[in-house]
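Student: I've got a model open and some questions about it. Can we walk through it together?
Tutor: Sure, let's have a look.

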Amino acid sequence: MPLLRPAAAPPVSLQLAKNLARTLRRGHPWVFADALRELPPAPVGSPALLLDLRGAELARGIYDAQNTLAFRVCSIVPGVALDEGWARRRLEKALAIRQSLLGWETTGFRLFNGEGDGVPGLVCDVYAGTAVLRMDGLGPEAFWDTAGVADWVAGALGVTTVWERKRRGSGGESHVLIGTPPEAPVAFTENGVRFTADVVQGQKTGFFLDQRENRERVRSLAMGRRVLNLFGYTGGFSIYAGLGGAAQVTTVDVSKAAIEAAGLHWKMNGLPRAGHEGVEADAFEFLEQAVREGRTWELVVSDPPSFAPNKESVPAARRGYRRLLTACANVTAPDGLLCACSCSSHVDLPMFLDLCEQAAENVGRRAAILEMRGQPFDHPTPLAMPEFRYLKFVLLRIE
Ligand code: SAH
């Protein structure tokens, strides 16, 4: 089955109005509308040929005249056609990376990470026998043939179900591409830890696979410590902490379903019931009360949703992070550990470290960075695209 939808016409010609040739040659895969000389009308997702200022061929990619992100690079190799052979090679390469690096104890992973795998806008997460496809934008949706990609994934991995997850506001409804619609959360393992992912109702594609190796890190830090997992979702960090020998684990999330799943995951991994407390609450309110009561934990994990969905919201996001990190520092026991996370690409690492510093200052304690971490290998990013490295995990020791 084809991986690409047939193009209605030959590639659209686009020309740069800004000199981005070097940036693109270095591997940055995006061109915004204001960097193009003209925006010729063409169906969304049309293949396009990008010319530099002088009119020489620079790249081939996906065009969306309606989007500020107007052009996404598929290839910068001159003369390479965006055909079935090209698409197949890209998918094979992405699979080969996972096959060579993934441990056998992990059946939940990201197979395609869009631009990071040279497959713009195409995302696929795998949970054992179920794969979830997600298209990032209308251009990629019209460019990739989802049925064909699903068929390829099923053939390559032997998955029996492929579910397409639509983003809210993108028009279509989520639906099954292969097999039958998943009726229950899907069981899978991560570093040998047992979880389920609700691929239909859950957040993202059902699980936050990007934190996998950071969760493993938390397992190795947990021994004998009392652990607080804020914005815990379905208990990812909590279960690892429990398995790592934590004295006690508290998971906080506003979502009732998430807290219930966290309890289930705790049990599924054979951990003693008394060791886990699931709290359905707003993390900020929970922290305020904990501070009032003088409660502290030796290991605190804070992994909130993005506070800055766009550039305009950065000032508000900074205030949010500062308030949150201050409260986190306040409930971290003397010489305790704080894992401060942010998944906001608009708040970069230097800015985030600055916010951590301000939080330590606010509580009048010295903090040291023990480690800085990010996304795992199955979430690759183009080297030339720092904004794709959204995940920050900073391990701090608070005196
Ligand atoms: N650490 C998790 C992923 C966290 S995702 C993991 O490893 O799987 C962010 C979570 O924050 C979501 O589950 C969401 O329900 C929760 N959340 C959002 N706002 C919140 C708030 N104000 N208080 C508590 N939880 C919140």
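Tutor: One cut-off before we start: buried means under 20% relative accessible area, exposed means over 50%, and partly exposed is in between. Also keep in mind that this is a predicted model.

Student: Is Glu288 buried, partly exposed or exposed?
Tutor: Glu288 has a relative accessible area of 42%. The in-between class runs from the 20% limit to the 50% limit. So the class for Glu288 is partly exposed.

Student: Which residue forms a salt bridge with Glu288?
Tutor: Glu288 sits in helix 8 (residues 283–293), and the pair links distant parts of the chain, 35 residues apart. The other end is in helix 9 (residues 314–331). The closest N and O atoms are 3.8 Å apart, and the partner is Arg323.

Student: How many residues apart in sequence are Arg318 and Asp354?
Tutor: Their side chains meet in a salt bridge, 3.9 Å from N to O. Arg318 lies in helix 9 and Asp354 in helix 10, so the pair ties together parts of the chain whose separation in sequence is 36 residues.

Student: What is the N to O distance between Arg110 and Asp125?
Tutor: Arg110 is buried, and Asp125 is too. Their side chains meet in a salt bridge, and the N to O distance is 2.6 Å.

Student: How many salt bridges are there in the whole structure?
Tutor: Side chains of opposite charge can pair when their charged atoms come close. Arg110 and Asp125 are one such pair. A search of the whole structure gives a total of 22.

Student: Over to the ligand. How much of its area does the protein bury?
Tutor: Start with the contacts: a polar side-chain atom of Asp253 lies 2.7 Å from a ligand oxygen, and one of Gln203 lies 3.3 Å from a ligand oxygen. A polar backbone atom of Val254 is 3.2 Å from a ligand nitrogen. Taken alone the ligand exposes 580 Å², and the share the protein buries is 90%.

Student: How many residues of the shell around the ligand are charged?
Tutor: There are 15 residues around the ligand, Arg215 and Asp282 being among the closest. The shell holds eight nonpolar and three polar residues, and the charged ones number four.

Student: Which residue's side chain makes a polar contact with the side chain of Asn229?
Tutor: Asn229 lies in strand 13 (residues 226–230). At 1% relative accessibility, Asn229 counts as buried. The contact is at 2.8 Å, and the partner is Ser238.

Conventions: Residues are numbered from 1 along each chain as its sequence is written. This is a predicted model: local features need pLDDT of at least 70, side-chain atom pairs count only at pLDDT 80 or more; totals for chains, interfaces and linings use all residues. Side-chain values use heavy atoms; hydrogens and water are left out. A residue is near a molecule or strand if one of its heavy atoms lies within 4 Å of it. A polar contact is a pair of N or O atoms within 3.5 Å; within protein, one must be able to donate a hydrogen and the other to accept it, and residues adjacent in sequence count only if both atoms are side-chain atoms. Accessible areas come from the Shrake-Rupley method with a 1.4 Å probe; for residues, only the protein chains shown count as cover. Ala, Val, Leu, Ile, Met, Phe, Trp, Tyr, Cys and Pro count as nonpolar, Asp, Glu, Lys and Arg as charged, and the others, Gly among them, as polar. Helices (H or I, at least four residues) and strands (E, at least two) are DSSP runs, numbered from the N terminus. Buried means under 20% relative accessible area, exposed over 50%, partly exposed in between (1.4 Å probe, protein chains only). A salt bridge is a side-chain nitrogen of Lys or Arg within 4 Å of a carboxyl oxygen of Asp or Glu.
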